[in-house]
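Trainee: I'd like a close look at the charged residues in this structure, and at how some of them meet. Please take me through them step by step.

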Amino acid sequence: MKKGLLLSAIVGLGSCLPLAAQRVLFQGDVAADTAVQRSGPNRAHFGHAYIGYAPVVGTSAAAIPLRYGASGELFLGWRQKWRLSQQLALGLNGQYCRLTYRLDQRASKQLPTAAQYDQESLTWQQVQAEPFLRLNVGRRGNVIGRYVDVGGWGGWAFSTLHSYKDSPAAGAKVVKVTERGLPYAARWTYGASARLGSDRYAVVARRRFSTSWQGAETTGWAEPPRWTVGLELGWF
């Protein structure tokens, strides 16, 4: 009788052990599966680096003729995005921008001087901030997907350059000169922008509203083209 009771107790205890083990495992899996992920391409917030180049477009004045294709702005920066809904998001770009106008050497050229060189350029190196509103297009999972951005930007030119290269008739074979801190080049810039993108690629259009010149001596100076249109590549 005692042996039968002891055997029954051992069997009952053994049958309870797997059940207890399963209960602990079940609780652990639920905790892991319900973890909230707030960072990602289509989640509450997301940040990534980007780089792009946008050539200058638009007609240039005779006093400041441009070499198109060689004139444009190189930019790279960091983008932070906050999702408001599946369709809308707010964002902020912080970027370095190098805007260069390559000047064509024509008889009509007057800016910044009428002198003729083999090569000549004007450059604004800037830091810029650009808030924007994003409209997402179509359904997507946790990816960037297709979108349209509309925003405005403002910046400060920490460096302004006038560079030229020439081959004089006598003396040195090549002379290269870079003038820095141009008194006639404006230091504060602002404008509007738009992007049409899909995942890491985007077409970018920017329009500058600020003037390129400052100082009394620049009154009446022709304005370089204000539009740039180009491509952007996101790093994520």
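**Charged residues and their partners**

Mentor: Let's start with D149, which is buried, its relative accessible area being 0%. Buried here stands for under 20% relative accessible area, exposed for over 50%, and partly exposed for anything in between, with a 1.4 Å probe and protein chains only. Before going on, keep in mind that this is a predicted model, where local features need pLDDT of at least 70, side-chain atom pairs count only at pLDDT 80 or more, and totals for chains, interfaces and linings use all residues. Residues are numbered from 1 along each chain as its sequence is written, and side-chain values use heavy atoms, with hydrogens and water left out.

The partner of D149 is R195: the two form a salt bridge in which the closest N and O atoms are 3.1 Å apart. (A salt bridge is a side-chain nitrogen of Lys or Arg within 4 Å of a carboxyl oxygen of Asp or Glu.) This contact links distant parts of the chain, since R195 belongs to strand β7 (residues 188-198) and D149 to strand β5 (residues 146-166), 46 residues apart. Strands are DSSP runs of E with at least two residues, numbered from the N terminus. R195 counts as buried because its relative accessibility is 4%. The pair also belongs to something wider: salt bridges that share partners join E130, R134, D149 and R195 into one network.

Now follow the chain to another pair. K109 and E120 form a salt bridge, with 3.0 Å between the closest N and O atoms. Here too, distant parts of the chain are linked: K109 sits in the loop between β3 (88-102) and β4 (119-137), while E120 is in strand β4, 11 residues away. Both K109 and E120 are buried. The loop that holds K109 also contains P112. A cis peptide bond, with omega about -5°, joins L111 and P112. That is worth a second look, because most peptide bonds are trans.

What does a salt bridge with partly exposed partners look like? R106 and D104 give an example, their side chains meeting at 2.9 Å, N to O. R106 counts as partly exposed because its relative accessible area is 43%, and D104 is partly exposed too, at 24%. In the whole structure, a search finds eight salt bridges, and the ones described above are among them.

Some charged residues gather with like charges instead. R67, R98, R102 and R180 form a patch of positive charge on the surface. A patch takes residues with over 30% relative accessible area and no salt bridge, and joins like charges within 9 Å, or nonpolar side chains within 5 Å. Lys and Arg count as positive, Asp and Glu as negative, and His and the chain ends are not counted; the place of an Arg charge is its CZ atom. Areas come from the Shrake-Rupley method with a 1.4 Å probe. One member of the patch, R180, lies in strand β6 (residues 175-180) and is exposed, as its relative accessible area is 62%.

Finally, look at D199, in the loop between β7 and β8 (201-208). D199 is partly exposed, at 36% relative accessibility. Its phi is near 55°, a positive value in a residue other than glycine. Such a value catches the eye because most residues other than glycine have a negative phi.

Technical notes: Helix = DSSP H or I, 4+ residues; strand = E, 2+ residues; numbered from the N terminus.
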